[in-house]
Every structure is written in structure tokens, then in C-alpha cells.
Amino acid sequence: MAAPKRGRSASAQSKPGRSLALILIAIVALTGGMFASGHNTPRLGIDLAGGTSITLQAVAQPGEESAINKTNMDTAVDIMNRRVNGLGVSEAEVQTQGDKNIIVNIPKGTNSEEARQQVGTTAKLYFRPVLATEASVGAATATPSPSASGSASSSPSSSASPKTTASSSKTGSATPSASATSQGRAVSDALKADASSSASPSASASASTTPSATSSAAASAAAAKLEAQYTALDCSKKSVQNTAGKNAKAEDATVACGQVSGVWYKYVLGPAAVDGTDVKKAAAVLNTTTAAGWQVTMDFTGKGGDKFAKVTGELAKNTAPQNEFGIVLDGQVVSSPSVSSSITGGSAEISGSFTQEEAQSLANMLSYGALPLTFKVANMTTVTAALGGEQLHAGLIAGAIGLALVVVYLLVFYRGLSVIAIPSLLVSAILTYVIMALLGPGIGFALNLPAVCGAIVAIGITADSFIVFFERIRDEIREGRSLRPSVERAWPRARRTILVSDFVSFLAAAVLFIVTVGKVQGFAFTLGLTTVLDVVVVFLFTKPLMTILARRKFFADGHKWSGIDPKALGAKPPLRRTRRPAPVDPKEA
């Protein structure tokens with residue numbers, strides 16, 4: 001009979017308590033971390049916790065029907081996904097449906113309301129020069145005070161591209177202004193000034209047509225139309241706030257509304273100077289070195305930096321409010337910082353009396369606001385938490401039934417060996433639960449119904465590993481070996497089979513996770529996680545526990561209730577070592 005291997009394997013066989021102590025310490029540490037984090041339960045997905053499902057439909061502009069293609073749809077999905085994830089929403093799902101629709105599922109939770117608002121804001125992001133502005137408090141008869149504008153100053157930097165800061169005032173008051181006639185005249189003057197430095201339509205309604213250019217008449221007509229829109233614009237109305245300037249083309253001047261410190265302003269904006277796609281990234285940062293507080297930093301692409309430097313250089317020559325640029329998202333001015341010098345180097349900072357939420361919201365809009373297509377909300381439904389609770393309850397019942405059937409099977413067919421298998425299942429379940437609870441705040445993992453199904457399937461995978469090991473031990477006993485050497489001889493063979501089986505399961509889970517989207521990824525992630533934990537439990541808990549119990553008389557003697565009774569298994573007679581007969585001397589023969 002072959003003896004167990006010496007060296008490292010023999011040491012592991014003689015000290016199985018080390019492996020058991022290791023996994024128990026890991027369980028205690030992970031459980032302690034779970035309670036310390038304050039997240040004692042896994043986060044739940046939209047189908048379990050409730051939330052909102054939004055269907056967005058791509059709308060083609062006249063002559064741009066070909067823009068609705070797979071490339072642009074995939075880009076829009078990526079931007080929307082980053083937009084909602086930037087708000088810290090757990091397990092928000094964004095995926096295409098058909099050729100023109102995008103489904104956005106937002107679970108109920110922190111910032112979910114803001115996410116719903118931002119994901120519905122689907123128009124492109126533009127930086128437009130401000131030609132004129134006026135506060136609107138209940139009526140269009142007030143103008144912003146001079147304190148609404150700030151300054152931009154260059155700050156020295158060790159790099160070749162110094163950062164400059166655009167200061168955005170977050171304070172604003174309203175002072176009485178002149179009549180609507182004088183309002184129109186102010187807009188006219190702004191358009192005239194803009195016309196002298198750019199090709200945008202800018203002439204007053206009262207300006208006479210010059211014989212030198214026919215285009216001047218068209219520009220005057222466009223300016224008159226813009227003046228009329230501006231005079232009639234009432235940004236105190238919510239319906240107007242969300243629609244003014246929404247359908248304006250990038251190359252045209254437009255009117256729009258924007259809010260600063262609770263006060264709604266109406267703006268006249270020039271053609272877009274910088275597109276949202278020119279922003280590489282933006283972030284909200286807390287400036288602790290000065291009294292600036294929360295700021296928003298922007299990094300532009302190469303071309304975007306050049307365009308931004310050009311427009312800020314032109315704006316810096318003007319006085320307020322025409323030294324401001326409006327950051328326009330979905331036709332609404334979300335910020336209008338002012339500058340006093342050209343901002344070069346491809347980076348800028350927007351500072352003002354921002355709160356953390358305001359700075360983060362603006363940074364998200366700058367980073368993820370430039371969509372290649374225009375969308376409309378085709379459908380919006382709400383999944384109640386009550387329905388999710390019923391689904392979770394049904395899933396837990398299914399899991400409990402599956403676990404109970406496995407336990408019954410182990411008790412009937414393996415009898416005493418079930419005292420090894422059942423604790424192993426419990427250890428695997430505890431590790432799975434604790435790790436899922438920690439992954440919620442860690443990586444934003446949320447448990448959905450398919451993930452629950454993956455955990456239920458994992459019960460069978462874990463039980464399969466035990467069965468492979470137990471059957472290998474039984475095979476050795478049938479060969480006539482006693483229990484202790486049978487355990488050590490069976491383990492290398494069972495280990496190889498378990499690793500191959502778990503590898504195949506993990507590979508299938510990995511492929512599912514990579515090639516699928518939405519809820520199927522939850523199933524794949526849970527299946528992969530539990531497969532890895534199965535290997536950990538079998539190696540560090542099941543095998544060492546079996547080694548320890550094999551030394552106990554109940555199992556070593558093959559009690560009929562042990563599950564490894566040699567008589568019940570039909571074992572051969574015990575293997576014995578026998579000496580070879582001595583060679584016969586030919587002379588004696």
C-alpha cells in the first residue's frame with residue numbers, strides 16, 4: 001500500500017487545523033468589516049428594491065436621419081452610463097433596445113432623482129458667448145446686478161501649460177430696469193457689437209439696410225426676431241425654462257434661461273464656440289488653500305483647448321455681461337462664468353460659491369453631457385419596492401427549497417459525512433453574503449433577481465464538489481484501504497476533478513459577464529464569485545475537516561451510520577503488505 005507523500009503535503013495532512021483557523025479568521029475579519037462599514041445587507045437592484053425604468057427614443061433632425069446608427073447609439077449608452085454612475089447610483093442599467101431606443105433602469109436610492117433628471121437631459125452641450133442677460137423674478141422686468149460677473153486670472157504653474165481660473169459668481173440680485181423698449185435696445189446693441197467681431201447675425205431691428213451687403217438685411221431680420229423672442233421670454237414659467245433655446249442650432253444665436261442662486265435669468269447667446277465633445281474630463285474639487293471652496297476643473301482636448309483659448313481671449317476684451325460664456329445643456333444655461341483674460345493651456349477652473357452637490361452636478365454635465373443624438377422620453381415606468389419584495393421573497397423561498405433538498409440528499413446518501421458537507425455549505429453561504437454586502441459600497445454591486453438565481457445554482461456547484469471528494473474516498477475504501485490513507489489518496493484525484501469543473505463554470509460565468517448586458521451580468525457575476533468561493537471552501541475547510549474526522553473512531557471504524565461503512569460499500573479484504581518469498585537455491589532443489 002502506498003504511503004502518503006512526505007514533505008509539504010505531509011505537513012498539511014498533519015496540521016489541518018491551520019487551514020481551518022485561516023478560513024475562520026477570514027470570516028471573522030470580513031464580517032467585522034461588514035458591520036464596521038454600516039452596510040449589513042447587500043444592495044438591491046431595481047427589480048428587488050424598486051426604481052424607475054426610462055425608455056429614450058432617438059429623434060433624427062431633418063436631413064440627419066443617417067446619424068441614428070449603431071456607433072452613435074453605443075456612444076450615447078456609454079455617456080449615459082457614466083452620467084448616472086457619476087452620481088453614485090448603484091447598478092443603474094443603460095442598454096439599447098432595437099435600433100432607436102435606449103432603456104435606462106435607475107434603482108431607488110441615493111441621488112436616483114437627480115439621475116432621472118440628468119439622464120433625460122439628452123441634448124448636446126455647448127459653450128456659447130453671452131451677448132445679453134437679464135434676471136427674471138416673476139416677470140421680465142429686472143436685470144442682474146453687476147455682482148453677477150466675476151474675473152478670470154492666470155495663476156503661475158510649474159508646468160508648461162499654466163492653469164487659469166474662470167470665476168463664476170453664484171450670487172445675484174435683481175434691480176429695477178427700464179421698459180421693454182429699452183430692453184430690446186440693449187439686446188440690439190449687444191448684437192451689433194457681436195456682429196462687428198464675428199459672422200453671427202447681429203444687427204438692431206431699427207438699423208437701416210446698407211447697400212454694401214445683402215446679408216446685412218438678413219442679419220437685421222434675424223436680430224429683430226431674436227430681440228422679439230428675448231423681450232417676450234418669461235423665464236419665471238417652468239415650461240419656458242425647459243424649452244427656451246432647446247432646438248437652437250449650434251451655428252445660430254439663441255435665447256435661453258438659466259438659474260443662479262434661485263433666480264432665473266434670461267440670456268441672449270451667440271453661436272456655439274466650443275462643443276461639449278471638446279471637454280476631455282471635468283471634476284469637482286475642494287480648494288483648501290484659498291477661500292474658493294468647491295471648484296470645477298476642466299481639461300479640454302487639443303482642438304478644444306485652442307477653441308476655448310480663442311473665445312475666452314475675445315470675451316476678455318468685453319465688459320459684463322459680454323465677458324461671460326454660457327455653458328448650455330439641453331438649451332438651458334447651467335452656468336455662466338466670466339473671464340478677464342485668455343484661458344490657455346487646455347485647462348480651466350470654474351470657481352464660485354458652489355456647494356459640493358452643485359460642483360459635482362456641473363462636473364457631471366461637463367463630463368457626460370455631450371450626446372451624439374437627440375432623445376425624447378418615450379416611456380417612463382416605476383417599479384414599486386413591494387413588487388421587488390415579492391420577487392425577493394420568492395427567490396429566497398426557492399433558494400431555501402434547493403438548499404433543503406441538497407441537505408436531505410446528503411443525509412440519505414452520505415449519512416455521517418453530512419456533518420462535513422452541511423457546515424461547508426454554511427461557510428460558503430456566509431462568505432457569499434458578507435462579500436456581497438461589502439461589494440455594494442465597494443464597487444456598486446447590487447443584488448438583482450438573476451443574481452439570486454446565480455447564488456441558488458451555486459448551491460449545486462458546491463454540493464457537487466463534496467460529492468466528488470466523498471465518492472473518491474469511497475472508491476479507495478472499496479479497494480480495501482482504511483479511512484485515513486483513503487482520504488489522502490482520494491484528495492489529489494478529487495482535487496483535480498474539482499478544479500477542472502470549477503474552472504469550466506468560472507469560464508462560462510466570465511464569458512456571460514463580458515458578452516451580455518443588464519441583469520444577465522448579475523447572474524454571471526454571482527456565479528463566478530460563488531465558484532471561486534467553492535474552491536476556497538473545499539481546500540481550506542472541507543478537506544481539513546475531513547482529515548480531522550478521519551481520526552475519530554466513529555469514522556475510522558466505518559460505523560454503519562458514518563456513510564463509509566466498508567461492508568455497505570462492498571469493500572475488498574484489507575490490503576496487507578507481504579514479503580516476497582526468498583529465492584530457492586538450485587543446489588537445495
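Before we zoom in, a word on terms: a helix here is a DSSP run (H or I) of at least four residues, and helices are numbered from the N terminus. The model shown in these views is predicted.

**View A. Strand β1 and its two partners.** Strand β1 covers residues 51–59, and 7 of its 9 residues are buried, so the rest of the structure largely encloses it. Look for strand β3 (residues 101–107), which runs antiparallel to β1 and is joined to it by 7 bridges. In this pairing, I54 faces V104 of β3. Strand β17 (residues 374–383) also runs antiparallel to β1, with 9 bridges between them. Here you can find A58 opposite F375 of β17.

**View B. Strands β13 and β16.** Strand β16 spans residues 347–354 and is mostly covered, with 7 of its 8 residues buried. Its partner in this view is strand β13 (residues 293–300), and the two pair in the antiparallel sense over 6 bridges. To find your way, look for V296, which stands opposite I350 in β16.

**View C. Helix α13 and the glycine that follows.** Which residue with a positive phi follows α13? It is G480, with phi near 100°. Helix α13 itself runs over residues 449–478; at 1.5 Å a residue, its 30 residues should span 44 Å, and the end C-alpha atoms are 44 Å apart, which agrees.

**View D. Helix α14, its bend and its surface patch.** At 1.5 Å a residue, the 33 residues of α14 should span 48 Å, and the end C-alpha atoms lie 46 Å apart, in agreement. Where does α14 bend by about 35°? The bend is at W491, and a proline, P492, follows within four residues. W491 is one of the buried residues of α14, which also include A494, I498 and A509. On the surface, V500, F503, V504, L507, V511, F513, I514 and V515 make up a nonpolar patch, together offering about 800 Å² of accessible area. Take L507 from this patch: it sits in α14 (residues 483–515), and L507 is partly exposed, with a relative accessible area of 45%.

**View E. Salt bridges around α14.** Side chains of opposite charge can pair when their charged atoms come close. R493 and E476 meet through their side chains in a salt bridge of 3.2 Å, N to O. Because R493 lies in helix α14 and E476 in helix α13, the pair ties together parts 17 residues apart in sequence. R493 is partly exposed at 39% relative accessible area, while E476 is buried at 4%. K543 forms a salt bridge with E488, with the closest N and O atoms 3.4 Å apart. K543 belongs to helix α15 (residues 519–549) and E488 to helix α14, so this pair ties together parts that are 55 residues apart in sequence. K543 is buried at 9% relative accessible area, and E488 is buried at 14%. Finally, salt bridges with shared partners connect E476, R481, R489 and R493 in one network.

**View F. A salt bridge from helix to loop.** The structure holds 8 salt bridges. One of them joins the side chains of K307 and D278, at 2.7 Å from N to O. These residues link distant parts of the chain, 29 residues apart: K307 is in helix α9 (residues 302–315), and D278 is in the loop between β11 (274–275) and β12 (279–287). Buried or partly exposed: which describes D278? D278 is buried, because its relative accessible area is 8%, under the 20% cut-off.

Methods. Residues numbered from 1 in each chain as written. Predicted model: local features only at pLDDT ≥ 70, side-chain atom pairs only at ≥ 80, totals over all residues. Heavy atoms only, no water. Patch = residues over 30% accessible without salt bridge, like charges linked within 9 Å, V, L, I, M, F, W, Y side chains within 5 Å. Areas by Shrake-Rupley, 256 points an atom, 1.4 Å probe, with all protein chains shown as cover. Salt bridge = Lys/Arg side-chain N within 4 Å of Asp/Glu carboxyl O. Buried < 20%, exposed > 50% of the residue type's maximum accessible area, 1.4 Å probe, protein only. Pairing = 2+ DSSP bridges. Expected span 1.5 Å × (residues − 1). Bend = angle between axes of the 7 residues up to and from the residue.
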